[in-house]
Amino acid sequence: MDRLAKRQLVGTAGLVAVVAIVTTLLTPERVVAQLMHLADHPVYLAGVIVGLYLVRPFFAWPTMPLSAFVGFTLGIKYGFPVALMGALVTCLIPYRFALRAGEQGGMFGWLGDSGRRIIEVTGEMRGVLAARLSPVPADPVSYGAGFARVSPRSFAVGTFLGEIPWVAVEVTAGASLRSLTLTGLTIDALPHVLLFSAALAVLVLAGPAYRHINAPNTS
């Protein structure tokens, strides 16, 4: 198993362990009460949110729980823009690391080669956008874009647009948990969001892929 996959696995397992310990030591009612208390103190809440998004890449945590947490504490109206900017910032950290690290071997080298091949066909912004719309974990996309030398502007715009549907459903789920109405629209809409994102990814890539396949062979 490669290093990046191990980090993803260990990071997710660690997050699950932390949640399990917290829920074991505290009743669900106390957990909710603590989160509601935190939501009533904007300064502390802002510090927690910023801190979580900044440290997330170093523990290889998935971004989904953070968006749900933001939705729970801030609601949809304020939670969506905050979580969307948080997703962009937390993805920029591994991207900048890879951009400065240069050529790498092993799994990181494979990510860079794969990113370069995709970008040659789709273009930088379109490739990042399609990768974000697909259900691929955030960090491999960020590392791949950095090692492939994707420009900061293309990475930021592609990430921002591609994260919109995912952040929307995650924040909505968190807000629904707060109101104890996690039924109907949020759960039922999840398969549709997945299909919608996959369809968008196909549409984003369809034109460049067609041109690449039908391009005349000049060799």
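## Terms and model

Helices (H or I, at least four residues) and strands (E, at least two) are taken here as DSSP runs, numbered from the N terminus. The model described is predicted.

## Overall make-up

The chain contains nine helices and zero strands, so in these DSSP terms its pattern along the sequence reads α-α-α-α-α-α-α-α-α. Of the 219 residues in the chain, 38% are buried. The area exposed by the chain is about 12,300 Å², and 72% of it comes from carbon and sulfur atoms.

Among contacts in the chain with a separation of 6 or more, 82% are between residues 24 or more positions apart.

## Confidence

The average pLDDT of the chain is 73, and 57% of the residues reach at least 70. Among the elements of the chain, the highest mean pLDDT, 92, belongs to helix 4 (residues 64-101), and the lowest, 51, to helix 9 (residues 185-213). In residues 181-187 the pLDDT is below 50, and the model gives this stretch nine contacts beyond near neighbours in sequence.

A further stretch, residues 210-215, has pLDDT under 50 throughout. For residues 210-215 the model has one contact beyond four places in sequence.

## Annotated transmembrane spans

An unreviewed UniProt entry carries the annotation "transmembrane region" for residues 43-66, 78-98 and 189-210. In the model, residues 78-98 are 100% helix and 0% strand, and the end C-alpha atoms of this span are 31 Å apart. Residues 43-66 are 83% helix and 0% strand, with 18 Å between the end C-alpha atoms.

The annotated span 189-210 can be set beside helix 9 (residues 185-213), the element with the lowest mean pLDDT in the chain.

## Helix 4 and the loop before it

Helix 4 spans only 27 Å between its end C-alpha atoms, whereas a straight helix of 38 residues would span 56 Å at 1.5 Å a residue. Helix 4 has a bend of about 135° at Gly-75.

The loop between helix 3 (42-59) and helix 4 holds Ala-60. Ala-60 is not a glycine, yet its phi is positive, at about 55°. Most residues other than glycine have a negative phi. Ala-60 has a relative accessible area of 1% and therefore counts as buried, the cut-off being under 20%.

## Helix 8 and the loop before it

Helix 8 (residues 152-178) has 27 residues, and the distance from its first C-alpha to its last is 36 Å, close to the 39 Å expected at 1.5 Å a residue. Helix 8 nevertheless has a kink of about 45° at Ile-164, shortly before the proline Pro-165.

Arg-153 lies in helix 8. Is Arg-153 buried or exposed? Its relative accessibility is 61%, so Arg-153 counts as exposed, for which the cut-off is over 50%. Arg-153 and Glu-124 are 29 residues apart in sequence, and their C-alpha atoms are 9.4 Å apart in space.

Arg-149 is in the loop between helix 7 (138-147) and helix 8. Arg-149 is another residue other than glycine with a positive phi, near 65°. Arg-149 counts as partly exposed because its relative accessibility is 47%, a value between the 20% and 50% cut-offs.

Key. Residues are numbered from 1 along each chain as its sequence is written. This is a predicted model: local features need pLDDT of at least 70, side-chain atom pairs count only at pLDDT 80 or more; totals for chains, interfaces and linings use all residues. Side-chain values use heavy atoms; hydrogens and water are left out. pLDDT is the predictor's confidence in each residue, from 0 to 100. Contact means heavy atoms within 4.5 Å. The expected span of a helix is 1.5 Å times one less than its number of residues. The bend at a residue is the angle between axes fitted to the seven residues ending there and the seven starting there. UniProt positions are given in the numbering used here, feature names are shortened, and annotations may be inferred rather than shown by experiment. Buried means under 20% relative accessible area, exposed over 50%, partly exposed in between (1.4 Å probe, protein chains only). Accessible areas come from the Shrake-Rupley method with a 1.4 Å probe; for residues, only the protein chains shown count as cover.
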